[in-house]
Amino acid sequence: MRLTSARPAPQRTVLSSFVSSRNLVESAINSSPARLAILAFLLIVTLFTVLLMLPAASSNGQSTPLHDALFTAVSAVCVTGLTVVSTADHWSFFGQAVILLGIFIGGLGTLTLASILALVVSKKLGVRGKLIAQEAMNSGNRLGEVGSLLRIVISVSLVAEAIIALWLFVRFLTLGETPAQAAWHGVFYAISTFNNAGFTPHSDGLIPYEFDLWILVPIMLGGFVGSLGFPVMLVLIKKGLVFRTWNLHAKLTVQMSLLLLVVGAILWGLMEWDNVKTIGTLSTPDKIVHALFASVMSRSLGFNLVDMNAMTSDTMLLTDMLMFAGGGSASTAGGIKVTTIAVMFLAILAEARGDEDVKVYGRTIPPGAMRVAISVIVMGGTIVAVGTLLLLRISHESLDRVLFEVISAFATCGLSTGLSGELPAEGKYVLTILMFFGRVGTVTLAAALALRERRTLYHFPEERPIIG
């Protein structure tokens with residue numbers, strides 16, 4: 001008689017399958033973390049779309065159509081803030097909680113998510129995974145410290161959001177809301193603000209609070225700090241406010257952000273100063289507050305105090321430019337990023353001076369960084385142009401409204417003229433794709449190009465084509 005050992009074959013099969021799956025994911029993480037991050041974003045969007053389509057997610061107990069659920073899921077995970085249905089009226093508490101969770105997850109960013117996924121799956125980051133995480137946070141730290149930096153990123157997010165939530169909780173309480181309402185609204189605005197999402201739990205948004213500095217100031221500060229990016233926050237935590245000790249990225253990001261904030265506020269205020277449909281009837285202090293608020297919101301946050309359709313055409317164009325610029329790299333903000341603009345401006349300045357190198361603050365910017373900046377700008381402009389052409393064809397609306405909505409989607413800003421809700425299903429799908437490309441496209445391209453740089457053993461003879 002043949003004896004067989006009583007071994008737990010099913011358990012062994014499950015264990016071997018788990019190990020094989022983990023090895024496969026770990027290999028994918030270390031070979032192409034950026035690509036895996038995009039896949040992770042797609043999976044997260046799919047999950048949140050399914051959750052938002054559940055009858056429990058809507059206030060009327062009915063299933064939300066696919067195009068509306070998908071649009072909202074992508075808008076939340078890509079921290080955009082564009083909506084096709086009212087967040088306050090259409091979604092139940094469960095639906096709003098799903099949206100809020102999507103905002104928090106999406107705010108961490110594609111490359112950070114890939115690094116976290118590597119830590120969760122394999123309990124460690126491979127060398128290439130650490131390089132991607134280091135690139136995502138623009139960190140000059142040793143590779144062995146990347147894991148701790150990721151934990152700091154999450155901790156900074158939670159602490160900042162907790163401070164904003166507590167402040168707003170107290171304010172909403174003083175305005176007569178119940179403790180439960182004040183707590184929910186405080187948490188919702190805190191996560192939406194710090195992650196530059198622009199979702200609001202109130203049906204009228206922030207318009208009822210347009211003169212309440214106790215609400216507007218923390219939202220502006222939270223959104224501005226969030227738009228600086230985790231690399232800058234880490235520098236500020238370690239170096240404080242001593243400007244000369246900052247690295248080049250932090251210096252350029254803070255300077256460009258402040259410059260765009262001030263210039264944007266001045267121009268927005270001047271353009272709308274006498275417009276009775278927006279701020280023309282307000283007092284001078286209130287006009288200044290509205291201008292500052294609009295400048296911060298246009299950079300990526302997406303809350304509004306005035307009707308976007310009531311703005312003048314030149315103000316809409318200015319807002320388009322601010323949205324396209326966006327915030328800092330590896331931040332919760334969108335756009336092509338302020339450091340991209342800074343690098344291109346410095347390159348133009350060096351060319352005008354006849355300098356061979358692009359230099360600033362005692363540092364030389366390598367040609368590879370300028371090539372990445374050019375690639376990001378060209379890709380961003382191309383995506384906006386194609387999206388605008390498609391929506392013009394679909395909606396038959398005016399160019400200013402369509403361009404405004406397209407740039408807001410691509411730059412993950414969230415300001416809207418209301419066109420998103422008026423579009424047919426195919427138009428919503430176009431904006432959905434724009435939001436996804438805007439969130440994961442430029443940063444992934446930049447990281448991929450930076451890591452694919454290779455040395456050649458020979459150079460062809462130089463020949464300069466005629467330019468201009």
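**Contacts within a predicted model**

In this predicted model, the side chain of Ser295 comes to 3.3 Å from the backbone nitrogen of Ala265. Ser295 belongs to helix H13, which covers residues 284–301. With a relative accessible area of 1%, under the 20% limit, Ser295 counts as buried. When neighbours within four places in sequence are left aside, the contacts of Ser295 are Leu260, Leu261, Gly264 and Ala265.

Met297 is also placed in helix H13. Its relative accessible area is 1%, and Met297 is therefore classed as buried. Residues up to four places away in sequence not being counted, Met297 touches Ile219, Met220, Gly302, Phe303, Cys413 and Leu415. The C-alpha atom of Met297 is separated by 9.0 Å from that of Gly414, a residue 117 places away along the chain.

Four salt bridges are present in the structure. One of them joins the side chains of Lys428 and Asp68, with an N to O distance of 2.9 Å. This pair links distant parts of the chain, since Lys428 lies in helix H19 (residues 425–451) and Asp68 in helix H3 (residues 66–77), 360 residues apart. Both Lys428 and Asp68 are buried.

Arg401 takes part in two further pairings. In the salt bridge between Glu397 and Arg401, the closest N and O atoms are 3.2 Å apart. In the salt bridge between Glu422 and Arg401, the corresponding distance is 3.4 Å. The pair of Glu422 and Arg401 links distant parts of the chain: Glu422 is in helix H18 (residues 419–422) and Arg401 in helix H17 (residues 399–410), 21 residues apart. Glu397, Arg401 and Glu422 are thus linked in a network of salt bridges. Within this network, Arg401 is buried at a relative accessible area of 14%, whereas Glu397 is partly exposed at 30% relative accessibility.

Helix H17, which holds Arg401, has twelve residues. From its first C-alpha to its last, H17 reaches 16 Å, close to the 16 Å expected at 1.5 Å a residue. The helix is mostly covered, nine of its twelve residues being buried. These buried residues are Arg401, Val402, Phe404, Glu405, Val406, Ile407, Ser408, Ala409 and Phe410. Just after H17, Thr412 adopts a positive phi of about 45°.

Aromatic pairs number nine in the structure. Phe172 and Tyr209 form one that is edge-to-face, with 5.8 Å from centre to centre and 70° between the planes. Phe172 is in helix H8 (residues 146–174), while Tyr209 is in the loop between helix H9 (179–194) and helix H10 (213–228), so the pair ties together parts that are 37 residues apart in sequence. Phe172 is buried at 0% relative accessibility, and Tyr209 is buried with a relative accessible area of 14%. Ring pairs link Phe172 and Tyr209 with Tyr189 and Phe303 into a cluster. Phe303 is also among the residues touched by Met297. At another ring, that of Tyr361, Lys251 lies over the face at 5.1 Å from the ring centre.

Conventions:
Residues are numbered from 1 along each chain as its sequence is written. This is a predicted model: local features need pLDDT of at least 70, side-chain atom pairs count only at pLDDT 80 or more; totals for chains, interfaces and linings use all residues. Side-chain values use heavy atoms; hydrogens and water are left out. Helices (H or I, at least four residues) and strands (E, at least two) are DSSP runs, numbered from the N terminus. Buried means under 20% relative accessible area, exposed over 50%, partly exposed in between (1.4 Å probe, protein chains only). A polar contact is a pair of N or O atoms within 3.5 Å; within protein, one must be able to donate a hydrogen and the other to accept it, and residues adjacent in sequence count only if both atoms are side-chain atoms. Contact means heavy atoms within 4.5 Å. The expected span of a helix is 1.5 Å times one less than its number of residues. Rings of Phe, Tyr and Trp (its six-membered ring) pair if their centres lie within 6.5 Å; planes under 30 degrees apart count as stacked, over 60 as edge-to-face and the rest as tilted. A charge sits over a ring if NZ of Lys or CZ of Arg is within 6 Å of the ring centre and within 35 degrees of the ring normal.
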